[in-house]
Amino acid sequence: MAPSMALIFPWTVHIVNELSNNKVLHVHCKSADNDLGVHTLKPKAEFKFSFWENPWGTTLFWCTLSTDRQSRASFDVFWSSLWLSKGTKRNKYTDLEKVTKNEKILWIARNDGIYLRETNFKPESLNRIDPNEEDIIVEDVLFHKWERKK
């Protein structure tokens with residue numbers, strides 16, 4: 001297996017508040033080694049963090065997002081594609097490198113749930129040596145719906 005580009009470049013996870021009605025978003029992200037604390041995002045605000053993927057392919061970050069006292073979403077925001085090749089699967093995604101660009105992962109909180117911004121190349125551009133911006137397809141895909149807090 002080819003080494004991950006993230007071993008050369010750091011990954012950056014972005015979480016953006018696109019909730020309506022001026023709702024704030026509470027974000028708490030962690031890994032096995034790092035607790036990034038609780039952050040309160042005003043509307044249109046962003047929380048981001050960067051890290052290097054470890055060479056063993058076991059890097060995993062997860063976050064809990066909440067909008068109020070009733071709604072929350074807990075999910076993995078980064079997983080190593082090397083780790084996933086060992087038989088684990090997250091939703092329909094197995095390799096974040098295939099649906100993101102330049103080691104940037106964008107999660108968007110909206111009223112109906114959390115979206116992952118997919119960045120892919122148009123099929124006809126895959127044979128080009130140097131694809132340009134017109135060859136890129138950007139789509140926000142619903143990844144996780146809000147759950148009721150227990």
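Which strand does Leu60 lie in? Select Leu60 and you land in strand E5. Helices (H or I, at least four residues) and strands (E, at least two) are DSSP runs, numbered from the N terminus.

Before going on, a word on what is loaded. This is a predicted model, where local features need pLDDT of at least 70 and side-chain atom pairs count only at pLDDT 80 or more, while totals for chains, interfaces and linings use all residues. Residues are numbered from 1 along each chain as its sequence is written, and side-chain values use heavy atoms, with hydrogens and water left out.

**Stop 1: the whole chain**

Switch to cartoon and zoom out. You have two helices and ten strands, and the pattern along the sequence reads β-β-β-β-β-β-α-α-β-β-β-β. Colour by accessibility next: 42% of the 150 residues count as buried. Here buried means under 20% relative accessible area, exposed means over 50%, and partly exposed is in between (1.4 Å probe, protein chains only).

Back to Leu60 for a moment. Leu60 has a relative accessible area of 22%, so it is partly exposed. Draw a distance from its C-alpha to that of Phe78 and you should get 5.5 Å, although the two are 18 residues apart along the chain.

**Stop 2: the five-stranded sheet**

Now show the open sheet of five strands, whose order is E3-E2-E5-E6-E10, with antiparallel pairing. Its edge strands are E3 and E10 (147-148), each pairing on one side only. Two strands pair if DSSP finds at least two bridges between them. As background, strands of a sheet pair through backbone hydrogen bonds, either parallel or antiparallel.

Start at the E3 edge. Select residues 35-41 for E3, which is antiparallel to E2 and joined to it by five bridges. The two form a hairpin with three residues between them. To see one of the bridges, pick His28, whose partner in E3 is Val38.

Then cross to the other edge. Strand E6 (residues 71-79) pairs with E10 in the antiparallel sense, over two bridges. Pick Arg72 here and look for its bridge partner in E10, Glu147.

**Stop 3: the disulfide**

How many disulfides does a search of the whole structure find? It finds one, where a disulfide is a pair of cysteine sulfur atoms within 2.5 Å. Show Cys29 and Cys63 as sticks: they are joined, S to S, at 2.0 Å. Check the torsion too, since the link of Cys29 and Cys63 has 105° about the S-S bond and is right-handed. Cys29 sits in strand E2 (residues 25-31) and Cys63 in strand E5 (residues 60-66), so the pair ties together parts 34 residues apart in sequence. Cys29 is buried, with a relative accessible area of 0%, and Cys63 is likewise buried at 0%.

**Stop 4: the aromatic pairs**

Select the rings of Phe, Tyr and Trp (its six-membered ring): they pair if their centres lie within 6.5 Å, and planes under 30 degrees apart count as stacked, over 60 as edge-to-face and the rest as tilted. The search of the whole structure gives ten aromatic pairs. Take Trp11 and Phe78: their ring centres are 5.0 Å apart and their planes are at 55°, so the pair is tilted. This pair links distant parts of the chain, with Trp11 in strand E1 (residues 11-17) and Phe78 in strand E6, 67 residues apart. Both Trp11 and Phe78 are buried.

Next come Trp79 and Phe143, with centres 6.2 Å apart and planes at 15°, so this pair is stacked. Trp79 is in strand E6 and Phe143 in strand E9 (residues 136-144), 64 residues apart. Trp79 counts as buried at 1% relative accessibility, and Phe143 is buried with a relative accessible area of 13%.

Finish by selecting Trp11, Phe47, Phe49, Phe51, Phe61 and Phe78 together, a cluster linked by ring pairs.

**Stop 5: the largest pocket**

Last selection: the lining of the largest pocket includes Ser31, Asp33, Phe51, Trp52, Leu60, Phe61 and Trp62. A pocket is an open set of points on a 1 Å grid over the protein atoms alone, where a 1.4 Å probe fits, with protein on both sides within 12 Å along at least five of seven lines; lining residues have an atom within 4 Å of a point. The largest share of the lining, three residues, comes from E5.
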